[in-house]
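Me: I've got a model open and I'd like to talk through its aromatic rings and nonpolar cores. Can you take me through the reasoning behind the labels?

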Amino acid sequence: MSRRQYPFHVIEPKWQHRWESEQTFRAWNPGDAIPATHPFGIRHALDGQQATTGALPPKYYILDMFPYPSGAGLHVGHPEGYTATDILARYRRAVGRNVLHPMGWDSFGLPAEQYAVKTGQHPRKTTETNIANFTRQIRSLGFSYDWSREIATTDPEYFKWTQWIFLQIYNAWFNPETNRAEPIGTLIFPADCDTEDKRRAHRDSKRLAFVSEAPVNWCPELGTVLANEEVIDGKSEVGGFPVIRKPMRQWMLRITSFAERLLADLDLLEWTESLKEMQRNWIGRSEGAWVDFQVEGSASKITVFTTRPDTLFGATYMVLSPEHRLVADISTAGQQEAVRKYQATAAARSDLDRTELAKEKTGEFTGAYAINPVNGARIPIWIADYVLASYGTGAIMAVPAHDERDLEFAEAFDLPVLQVVQPSDEKKDWRGFCDEGTAVNSAGAEINLNGLPTVAAKKKITEWLEAKGLGKKTINYKLRDWLFSRQRYWGEPFPIIWRRDTSGNLFHEALPESALPLLPPTLEDYKPTAEGLPPLARAKEWVTLPDGAVRETNTMPQWAGSCWYYLRYLDTKNAGAFVARDAEAYWMGGQAGSTVTPGVDLYVGGTEHAVLHLLYARFWHKVLFDLGHVSTPEPFFKLVNQGLILGEDGVKMSKSRGNVVNPDDVLGEFGADAFRLYEMFMGPLQEVKPWNTRGVEGVYRFLGRVWRLFVDEKSETDYELKTAVNPDAESGFVADIRLDPRLRDVPATAPQLKALHACIRKVTEDLDGLRFNTAISAMMMFINEAMTWETRPVIVLKTFLQLLAPFAPHLAEELWEKVHGLVGVSPVPSLTYSAWPVFDPALLVEDTLEIAVQVNGKVRDVIRVPAAATPADLEAAALVAEKARPFLEAKTVRKIIVVPKKLVNIVVG
RNA sequence: GCGGAUGUGGCGAAAUGGCAGACGCAGGGGACUUAAAAUCCCCUGGCCGCAAGGCCGUGCGGGUUCGAGUCCCGCCAUCCGCACCA
């Protein structure tokens, strides 16, 4: 396709500059002085005034997941979500909302740091270069972001507040009584906390940010620990390097305390069911009981978690995870050696070995026995790595008859299998039956479950255990506390220092707010130290404070900055608070008694963040909510995941496959409007769909048709001749292109109005339902019809431009300007803030209708009837319908179904 | 294995239980042109038929209904999560 359909290369930069210089998309906060000339002010009668919360129109907060500015530049997947949100942002402005639509950069991250390790170039430099490139690319698409609110998580003025929020978390504890985070000052100390050191230790053990010595996922290649979520099949999510378990001192955030609320509050949200389900699975709630087993001949008790306390009589052995703290204590002298050996083997096995390859169960007998509390049975205690240290209590009671894994293990080591549940289906084998049934063989001296269905048996045994002090009903979660420290350079330093107490033990202390932002030191070398300390430890002068305290040298993970960026957008320039209260209340609050949505109205991004980012951000938000800093319990009210865009070959785009489409190339050839339109026309936003360059040409041709519907062919030919001679003055010549003489300021005919209003209706309804593809096809149909009109009334075409504007804003603006020039309206009213057209149902009413005539459900004819025809009229008309009649001959009419305005079905037999 | 989603022309797709395939791509034919590109017009699910028209057709098998792509039951396939979670 060689010839340009229309001069988008001149039009697009022109309007992008205009929007920028006029600050068209600036979103106004309560308290802002709105300039007299700003079209938002003019539309809402706020021009030249100071906006107040009450005077501003209802807010609409529409948010994109901000990108990590990688060196590779923008991918065609990025603009998919961005285009969708931009279209909706423009639509909502036209409808009359005060729209907040911001963009920023999730700019901390590993690639810039790895580049620094290799080249010595400061990550800030790399980051700035990449941001500049992303900015250029995103701006060239003509998105209506309020760029005055641009943020970068690497900006000290931003991460000052990331560190500040960390301190809020650090200075809070979770009160199980109130089920909320509370300031650490409300913590009540136990009586034995009689010294300052003891009180400090107690306090530090309760903080929402705490230090743990637990085994962590250490990735030697990356030189850092990773959160469980960042390890996939025993390899790092980033780079795919091996990960090993290693005990280290780490910062953790107590997200598990919020598990129940993170689960329950999903019900408040308009997210897709699949997304909610992913979060639910991740949180992994399961109801069950803790049961204590006494170790024979020892003071030790082993507590297990089970979801099937009703099978307690079937427990024929117990298993501890190899890392369980009691293993060494209870192992008998004869078994010590073997147990130690097994522990060493298990520790050396990666997570990958433990899961995928672990078809065969392994384990070792400790030599010890436990007493089953229900019947006093003596059962052996084993260790095995099929029991995970990190789930439940790290120990299980094994009921091989009714648990697949226990059965495998019992068969491998020849342990007894005892039936205690009878399947209701008699033919079913009870061995390995894990579903609900009826309790059997479950009677002891004090308790008898026999004959009870599983649910009742669970209830009875749990109550009995609780009464005897042997167990407790409980809820367990798969979710673990969040490992929050990384051994990296390019992240937020912790605002924490370490000192020694009177007995020489290290303890941590928060820096005062006045010390924020705490900047990372300048380094020559960004590698971890030879001893495996984080890179920050290299900066000796930075680490050691004059009074002898030392700084924390870990940094925060990349998730930290993205946990709250949507709040900073509300008030980016605020130097005194992370967000001002009135700004937060206006943009996030669901104002009482109104229909305004609480939180972000619509959040669009990829599924890759379905669990981690969204769970972490919800967690931070809840802490901030509990502490009174934000006004809603949830941050993102409605959330949509855009589907992946595949390469032309139908597989995921990747450099190695060579099927990556670069947005810059598409823009150069077809322009931003065509690119935007194509991304929306491909199919439903949420679906996975392949790229097709021919498809871009299709929507590009459509935009060409729109252009030719308006402009005079001859003046465009003149324009092309002039630019061929003098290309430097091209942009000036665009103004000389005249409109088609068929465009006239005359009243519209009825069919013209009907075409227009059908289009208004379809586009409006589809925008409300995020059905961009069908909205575009409605506009195509309108244009196809309008091309046939001898006279093109300005009023009709002008209204059409308003519908087109959210999708193809540059072209719409250019034609809007020309059309107003034609009818002599000056100054040209702002297209962005012109009121969205409203369709008139009266104009869509038909005089006659096409009615399908069915015989036995098959369409045999289509008849035209007056719209006012009654069901009886329809029936009569259908019975004489010419093409249907042969199918009625020699048959008895048994029944006639009339669907008004649609069809008549004659049932014969 | 568990959970979620999706299966419609050659392709991307569209259809409040009511004329399946709108719109676009690709393909075919025509107009314009010295010619090509661009543009404009027409055709285009499969099979049978000169035609009129008929039959079949929304992954597969059942069911509900006057009527099912759509609702119900049971399968199959693909994609995406999670996965020894007791």
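**Rings and cores**

Reply: Sure. Rings of Phe, Tyr and Trp (its six-membered ring) pair if their centres lie within 6.5 Å, and by that rule there are 53 aromatic pairs. Bear in mind that this is a predicted model, where local features need pLDDT of at least 70, side-chain atom pairs count only at pLDDT 80 or more, and totals for chains, interfaces and linings use all residues. Residues are numbered from 1 along each chain as its sequence is written, and side-chain values use heavy atoms, with hydrogens and water left out.

Me: Why is the pair F782 and F800 called stacked?

Reply: Planes under 30 degrees apart count as stacked, over 60 as edge-to-face and the rest as tilted. F782 and F800 have 15 degrees between the planes and 4.9 Å centre to centre, so they are a stacked pair.

Me: How do you know whether F782 and F800 are buried or exposed?

Reply: Buried means under 20% relative accessible area, exposed over 50%, partly exposed in between (1.4 Å probe, protein chains only). F782 has 3% and F800 has 0%, so both are buried.

Me: What makes the charged end of R860 sit over the ring of F887?

Reply: The rule wants NZ of Lys or CZ of Arg within 6 Å of the ring centre and within 35 degrees of the ring normal. R860 is 3.7 Å from the centre of F887's ring, and K361 also qualifies over Y386, at 5.3 Å.

Technical notes: Chains are lettered from A and ligands numbered from 1 in the order in which they are written.
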